[in-house]
Amino acid sequence: RAPRVWHLERMQKRRKGRISGVPDLSQLREEPEVYFEKHRVAVERHDFEARVMASWGLIARGVESIPYLHRMLESESPDAREDAAGAYGWMARNDPSIVDHLLDALDGESDLQVVDSLVSSLGQLRDRRAIGPLAQIVLSPSTDGDTRHTAIQSLARIARRRFDKAADPRGAATAWLASHGHSAPQEDEER
């Protein structure tokens, strides 16, 4: 599986003080339910561009979008769940309800792209409650390599460590986890 990061996160290169690929969010003024509906239709039609713009609309509406993002996170569609997780990461609001929803969603998620998006958003939110679930992903021998890499990056954000600069990033993350009371899970779940 080729590495895939949530589509909005790929656009984070800065150019002239603005993040390239990010629309002018001040122009996205419709109510969040309008963007939610546009997103739902875009997912049904497999219209990636419309999904992206609807996601930006939800991000632009900020806290008003949270109930709609919660609904998307509980959707049967992996695309909707992935986009909701990514939008939370972009909003970077360290609201306990957001982190709780992301952790709950991560616990029951099997789609690897959605897991990667959830893990990435948890890292962006930098809430220490995510350390335990991230530790399980990092330490599990059955974790997909891309997912483990994303979990190590998110753990690094939360722990304020540069595991990526170590000769063995996984080893550095594992050592940090062990020094903070986290060890390999007894019963390994498939991730």
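Residues count as buried under 20% relative accessible area, as exposed over 50%, and as partly exposed in between. The exercises below apply this and related criteria to a predicted model.

**Exercise 1. Describe the secondary structure of the protein chain and state what share of its residues is buried.**

Solution. Step one is to list the elements: the protein chain contains nine helices and two strands. Step two is to place them in order, and reading along the sequence gives β-β-α-α-α-α-α-α-α-α-α. Step three concerns burial: of the 191 residues in the protein chain, 46% are buried.

**Exercise 2. Classify Glu37 and Arg40 by accessibility, and describe the contact that Glu37 forms with Arg40.**

Solution. Begin with accessibility. Glu37 has a relative accessibility of 33%, and therefore counts as partly exposed. Arg40, at 34%, is likewise partly exposed. Next, consider the contact: the two residues form a salt bridge, in which the closest N and O atoms are 2.3 Å apart. Finally, consider the sequence: Glu37 and Arg40 are three residues apart in helix H1, so about one helical turn separates them.

**Exercise 3. Determine how many salt bridges the structure holds, and analyse those of Glu64 with Arg61 and of Arg81 with Glu109.**

Solution. The structure holds ten salt bridges. One of them joins Glu64 to Arg61, with 3.0 Å between the closest N and O atoms. Here the cut-off of 20% is decisive. Arg61 has a relative accessible area of 19% and is therefore buried, whereas Glu64, at 35%, is partly exposed.

Turn now to Arg81, whose salt bridge with Glu109 has its closest N and O atoms 2.6 Å apart. Arg81 belongs to helix H4, while Glu109 lies in the loop between helix H5 (96–108) and H6; the pair therefore ties together parts that are 28 residues apart in sequence. Arg81 is buried because its relative accessibility is 12%, and Glu109 is buried with a relative accessible area of 10%.

A last step asks which residues are joined into one network by salt bridges that share partners. These are Glu37, Arg40 and Glu44.

**Exercise 4. Determine how many aromatic pairs a search of the whole structure finds, and classify the pair of Trp56 and Trp90.**

Solution. The search finds three aromatic pairs. In the pair of Trp56 and Trp90, the ring centres are 4.9 Å apart and the planes stand at 75°. An angle over 60 degrees counts as edge-to-face, so this is the class of the Trp56 and Trp90 pair. Trp56 sits in helix H2 (residues 48–60) and Trp90 in helix H4 (residues 78–91); the pair thus links distant parts of the chain, 34 residues apart. Trp56 and Trp90 are both buried.

**Exercise 5. Locate Glu30, classify its accessibility, and relate its position to that of Gly57.**

Solution. Glu30 is placed in the loop between strand S2 (18–19) and helix H1 (32–45). Its relative accessibility is 34%, and Glu30 therefore counts as partly exposed. In sequence, Glu30 and Gly57 are 27 residues apart, while the C-alpha to C-alpha distance is 7.6 Å.

**Exercise 6. Identify the arginines that gather in a patch of positive charge on the surface, and locate Arg128.**

Solution. The residues of this patch are Arg126, Arg128, Arg160 and Arg161. Arg128 is situated in the loop between helix H6 (112–125) and helix H7 (131–139).

Note on methods: Residues are numbered from 1 along each chain as its sequence is written. This is a predicted model: local features need pLDDT of at least 70, side-chain atom pairs count only at pLDDT 80 or more; totals for chains, interfaces and linings use all residues. Side-chain values use heavy atoms; hydrogens and water are left out. Rings of Phe, Tyr and Trp (its six-membered ring) pair if their centres lie within 6.5 Å; planes under 30 degrees apart count as stacked, over 60 as edge-to-face and the rest as tilted. Helices (H or I, at least four residues) and strands (E, at least two) are DSSP runs, numbered from the N terminus. Buried means under 20% relative accessible area, exposed over 50%, partly exposed in between (1.4 Å probe, protein chains only). Patches are made of residues with over 30% relative accessible area and no salt bridge: like charges are joined within 9 Å, nonpolar side chains (Val, Leu, Ile, Met, Phe, Trp, Tyr) within 5 Å. Accessible areas come from the Shrake-Rupley method with a 1.4 Å probe; for residues, only the protein chains shown count as cover. A salt bridge is a side-chain nitrogen of Lys or Arg within 4 Å of a carboxyl oxygen of Asp or Glu. Lys and Arg count as positive and Asp and Glu as negative; His and the chain ends are not counted. The place of a charge is taken as NZ of Lys, CZ of Arg, CG of Asp or CD of Glu.
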